[in-house]
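Subject: The structure we talked about

Hi,

Here is the structure I promised to pass on. Have a look at it first, and then read on for what turned up.

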Amino acid sequence: MWASALCAGSAVWLLGRWNHEARRSRSLFASAVPGPARARPWRRMVAAGGGRVRHEWWCVAAGAVVALLGESVVPLVMGAAGVPVAARVRRVRDAARERERRGDAVIALCGGIAGEVRAGRQPGESLRLALAEVADAGAGAGAARSAVLAAARFGGDVPGALRQAAREPGAEGLLGLAACWRVAVDRGAGLAAGLERLEGALRAERDQRSDLRAQLAGARSTAVMLTGLPVLGLLMGSALGAEPLRVLLHTGPGLACLAAGGVLEGLGVWWALRIVRGAEER
């Protein structure tokens with residue numbers, strides 16, 4: 001029974017990954033696919049449904065499977081309680097990725113402006129062209145980007161608009177761009193040389209963060225391993241015929257052990273991740 005559940009879960013995971021890769025391939029080569037093949041309604045419905053289902057809802061599915069195997073509603077309740085936690089983890093991960101994309105876009109923006117100025121264009125025109133090139137990457141997106149473009153086009157306060165855009169997470173490098181712009185305008189200093197140095201500094205800082213994440217990969221793997229040890233213990237107990245689900249879900253001492261183990265497991269994972277975050281912040 002446990003082997004069947006494990007195989008079914010693995011099959012669902014592999015199928016979801018295959019569907020993700022297939023959707024990506026279809027989106028990349030959509031122009032080469034005939035119109036009738038692209039217009040199948042059931043495929044659009046499946047793709048839309050898959051895009052709306054968040055990963056955190058797999059907690060409920062896993063809880064339902066364990067609830068059926070253990071003939072108890074406790075795993076289902078625990079799976080439902082884990083949905084907000086998983087959603088928060090996903091939001092934090094998405095925010096980190098968005099912050100990295102903004103940082104990369106700021107680096108590209110500095111390099112683009114420096115290149116356009118070296119080519120003989122005026123700073124305002126260079127800023128507009130560079131912003132157009134990195135718009136998809138998220139640098140100065142939304143109202144902040146519009147304010148920067150308006151200031152560059154109509155002779156407004158470009159450094160002020162850049163400082164306003166730098167408030168977005170990951171776009172802090174725009175503060176250096178604003179300083180270079182003000183120095184170049186007020187004192188006639190070389191804008192391209194300052195932006196090239198700023199680009200080099202931002203690249204060095206990004207590489208340092210990447211190296212730090214690589215060094216902390218072992219600690220993160222330890223935290224992930226901690227979350228999987230209880231599942232491994234349950235599988236080993238079931239293989240030995242100890243019926244751990246019946247003991248944990250249908251007896252008083254088992255429920256007490258389940259509650260204590262869950263609390264200790266959560267504290268261990270939280271402490272390990274706290275150590276990793278503290279190292280990254282420093």
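Before the helices, one bit of arithmetic: the expected span of a helix is 1.5 Å times one less than its number of residues. Keep in mind throughout that this is a predicted model.

Let's start with helix 13, which covers residues 252–281. How far apart should its ends be? With 30 residues at 1.5 Å a residue, helix 13 should span 44 Å, and its end C-alpha atoms are 43 Å apart, so the two values agree. At the N-terminal end, T251 acts as a cap for helix 13, with a side-chain oxygen 3.2 Å from the backbone nitrogen of G254. G254 is also one of the buried residues of this helix, along with V269, A272, V276 and G278. Part of what covers those buried residues is helix 11 (217–239) and helix 12 (244–250).

There is a nonpolar patch on the surface too, formed by V263, L264, L267, W270, W271 and I275, with about 660 Å² of accessible area together. V263 from that patch sits in helix 13. Is V263 buried or exposed? Its relative accessibility is 52%, and exposed means over 50%, so V263 counts as exposed.

Helix 10 (residues 191–215) gets the same check on its span. Its 25 residues should span 36 Å, and the end C-alpha atoms are indeed 36 Å apart, in agreement. The buried residues of helix 10 are L191, A192, G194, L195, L198, E199 and L202.

Now for the charged pairs. Side chains of opposite charge can pair when their charged atoms come close. How many salt bridges does a search of the whole structure find? The search gives 13.

Two of them to look at together involve R121. E116 forms a salt bridge with R121, the closest N and O atoms being 2.5 Å apart, and the side chains of E125 and R121 meet in another at 3.6 Å, N to O. E116 is buried, with a relative accessible area of 14%. R121 counts as partly exposed at 36% relative accessibility, and E125 counts as partly exposed at 34%.

Elsewhere, salt bridges that share partners join E98, R101, R102 and E168 into one network. Within that network, E98 pairs with R102, and the closest N and O atoms are 3.9 Å apart. Why can these two face each other along a helix? An α-helix has 3.6 residues a turn, so residues three or four places apart point the same way. E98 and R102 are 4 residues apart in helix 5 (residues 74–118), so about one helical turn separates them. E98 counts as partly exposed at 25% relative accessibility, whereas R102 is buried at 16%.

One last stop is S126, in helix 6 (residues 123–133). S126 has a relative accessible area of 0%, so S126 is buried. Which residues touch S126, leaving aside its neighbours within four places in sequence? The contacts are I113, E116, V117 and R121. You will recognise E116 and R121 from the salt bridge above.

Happy browsing!

Notes
Residues numbered from 1 in each chain as written. Predicted model: local features only at pLDDT ≥ 70, side-chain atom pairs only at ≥ 80, totals over all residues. Heavy atoms only, no water. Patch = residues over 30% accessible without salt bridge, like charges linked within 9 Å, V, L, I, M, F, W, Y side chains within 5 Å. Areas by Shrake-Rupley, 256 points an atom, 1.4 Å probe, with all protein chains shown as cover. Salt bridge = Lys/Arg side-chain N within 4 Å of Asp/Glu carboxyl O. Helix = DSSP H or I, 4+ residues; strand = E, 2+ residues; numbered from the N terminus. Buried < 20%, exposed > 50% of the residue type's maximum accessible area, 1.4 Å probe, protein only. Contact = heavy atoms within 4.5 Å. Polar contact = N/O pair within 3.5 Å; in protein donor to acceptor, adjacent residues only side chain to side chain.
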